[in-house]
Amino acid sequence: MTLDLSLLPDGGVRWLDASGQHSDVVLSTRVRLARNVDGYAFAGRARDGERLRVLAQVREALQRMPAMPESFMVRVDELPAAERAMLFERHLVSRELAGLEAQHPLRSGAAVYLSDGLSVMINEEDHLRMQSLQSGFELRAAYAALDRVDRELGARVPFSYHSEFGFLTACPTNVGTGMRASVLIHLPGLVLTKEIGRVLAGLQQMGLTYRGLYGEGSEVVGNFFQLSNQTTLGRSEEDLLDTLIRVVGHVIDREEEARRVLLRDAGYIIEDKLWRAYGTLRYARSLTFDEAMNYLSGVRLAVGLKLIRGLSVYTLNKLLIFSQAAHLSAAEGRTLTESETNLARARYVRKALEEEAGAVG
Amino acid sequence: MVCDSCHERDAIVNLTSIENNVVRQLHLCEQCAAERGVETSVATPKHPLGQFLEAVQQQTVPASVEAGKCSFCGHTMKDFRETGRMGCARCYVSFEMSMRELLRRVHGAPRHIGRTYHAPREEVFEKAGALGELREKLRRAIEQEQFETAAELRDRIRVLE
């Protein structure tokens, strides 16, 4: 089996097209629901045959679902590692489903259904991880689209559900609604003004949590944070979404305020620093991933502050995805070493920025 | 790279600060970053839930009560402590007392009040399940060029449909 992501609009990265609300600060919104098919052990405990039966049953149901039009299935368990890594780098599957973690080897029956903005992972830690990805700050729209998938699929496949505990999941931290709603948010202003510690501490008091670019266990890099609900039981989906919307709205306000303060109190220093970031990306010959992320963070901030004009946010967002190791290797048609990857990354970033350089000022 | 503050541990955080109009780049380890109010992704112990559960059980459940196995998947509480994961949906019933207390502590609330759900009637999903399985077998039969088996499977699918 080979992977053809051209079947998806923009190769499955339309959630980065900066079309949603507040897209200069919020890159994307993601909502996911965890569900299990009743009658089987959870995917981590199940035997190969059970997982394949789950896959067959879900596949049958998904083939005729109006909520996921033009979706297609990718048998993740039949892909070579390089292509699984690409799916992961595009945020279309989790690291666990892609079998990229030493403690979670690739599972037989691991698959994903993909359509524009919606996906269903099969045989992840739970039998089903459905997710909705949208550009910008669009929690309600993302949830509404996902809720349709959940209801249609749940009418065709029996989900594990307990009247007291709600939807049952492999990890007790997901029990209840099984919902994790998150926004990927860029907070350089709060980091530079050192307000970030207080803001993150405040989030925890509101029942929210934060992670890095790739969710659970990932490091914060390039000032990108994923903010999400911490708990899933004892509150309704609407209530959880309302809290997140309210708090993220507040964080956006604080970030915008911090950016104003930076411009006011350290205007020329910021301007110089951000143009230097742009200059480095335009001309560097070797870039590590973390370096690229940090300079991209600076350039994003400069575009948000209108210090740099003529550069599209979508271009910058796409660089976050396409300058990752598996994508660079795929573009070169061979597996690159670490130093070759850094050279290829710098080359790729230079070329992408060069294409828009005429308009930049 | 070594931490700019303690000069001992590895630096994992790049902190940019502006003091008196001077920009400074600091490379800090997790601990020194935390001292400056910068939180990094928290390094969690391997299976924190398992440890959590252990504490819960010591307080509320006599050791003998839930020492057994899940009647469906054979998962034990020892498995849960090691992996932090339940084995199947039935585990939540097999170890109900412990799970109720654990969920109450993890989520601060014991009861689901989100969307309610009723599974489809049995014959609906049994048929769907059987059809799905047959189609998967058919796919494999065709792949392996076992055309007699494939024809047989196709007939069975037609009957079900």
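**Helix packing and the chain interface: exercises**

Helix H3 (residues 139-154) and helix H6 (residues 237-283), both of chain A, pack with their axes 10 Å apart at an angle of about 155°. The model is predicted.

**Exercise 1.** Determine how H3(A) is oriented relative to H6(A), and describe the residues of the contact.

*Solution.* Step 1: the angle is about 155°, and angles over 145 degrees count as roughly antiparallel. H3(A) is therefore roughly antiparallel to H6(A).
Step 2: the crossing of the two helices is right-handed.
Step 3: H3(A) contributes A:Leu139, A:Arg140 and A:Tyr143, while H6(A) contributes A:Glu237, A:Glu238, A:Leu241, A:Asp242, A:Leu244 and A:Ile245.
Step 4: by class, this contact of H3(A) with H6(A) comprises 5 nonpolar and 4 charged residues, with no polar ones.

**Exercise 2.** Classify the orientation of H8(A) and H10(A), and give the make-up of their contact.

*Solution.* Step 1: the axes of H8 (residues 313-322) and H10 (residues 338-357) of chain A cross at roughly 165° and come within 11 Å. Given the limit of 145 degrees, H8(A) and H10(A) are therefore roughly antiparallel.
Step 2: their crossing is right-handed.
Step 3: on H8(A), A:Thr315, A:Leu316, A:Leu319 and A:Phe322 meet A:Tyr348, A:Val349, A:Ala352, A:Leu353 and A:Glu356 on H10(A).
Step 4: sorting the residues of the contact of H8(A) with H10(A) gives 7 nonpolar, 1 polar and 1 charged.

**Exercise 3.** Establish the orientation and handedness of the pair H2(A) and H9(A).

*Solution.* Step 1: H2 (residues 81-89) and H9 (residues 325-332) of chain A have axes that come within 8 Å and cross at roughly 130°. This angle lies outside the parallel, antiparallel and perpendicular ranges, so H2(A) and H9(A) are oblique to each other.
Step 2: the crossing of H2(A) and H9(A) is left-handed.
Step 3: A:Ala82, A:Ala85, A:Met86 and A:Glu89 of H2(A) meet A:Ala325, A:Ala326, A:His327 and A:Ala330 of H9(A).
Step 4: the contact of H2(A) with H9(A) has 6 nonpolar residues, 1 polar and 1 charged.

**Exercise 4.** Characterise the interface of chain B and chain A by its residues, buried area and salt bridges.

*Solution.* Step 1: chain A supplies 66 residues to the contact and chain B supplies 57.
Step 2: the two chains bury about 5100 Å² between them, with 57% of this area on carbon and sulfur atoms.
Step 3: of the area that chain B buries against chain A, 16% comes from B:His112, B:Arg115 and B:Tyr117, more than from any other three residues.
Step 4: the interface holds 8 salt bridges. The side chains of A:Arg75 and B:Glu136 form a salt bridge at 3.5 Å, N to O.

Key. Residues numbered from 1 in each chain as written. Chains lettered and ligands numbered in written order. Predicted model: local features only at pLDDT ≥ 70, side-chain atom pairs only at ≥ 80, totals over all residues. Heavy atoms only, no water. Axes fitted to C-alpha atoms, helices over the stretch in contact; angles between N-to-C directions. Helix = DSSP H or I, 4+ residues; strand = E, 2+ residues; numbered from the N terminus. Parallel < 35°, antiparallel > 145°, perpendicular 65-115°, else oblique. Left-handed = near helix turned anticlockwise from the far one by under 90°. Contact = heavy atoms within 4.5 Å. Nonpolar A, V, L, I, M, F, W, Y, C, P; charged D, E, K, R; others polar. Buried area = accessible area lost by both parts, 1.4 Å probe. Salt bridge = Lys/Arg side-chain N within 4 Å of Asp/Glu carboxyl O.
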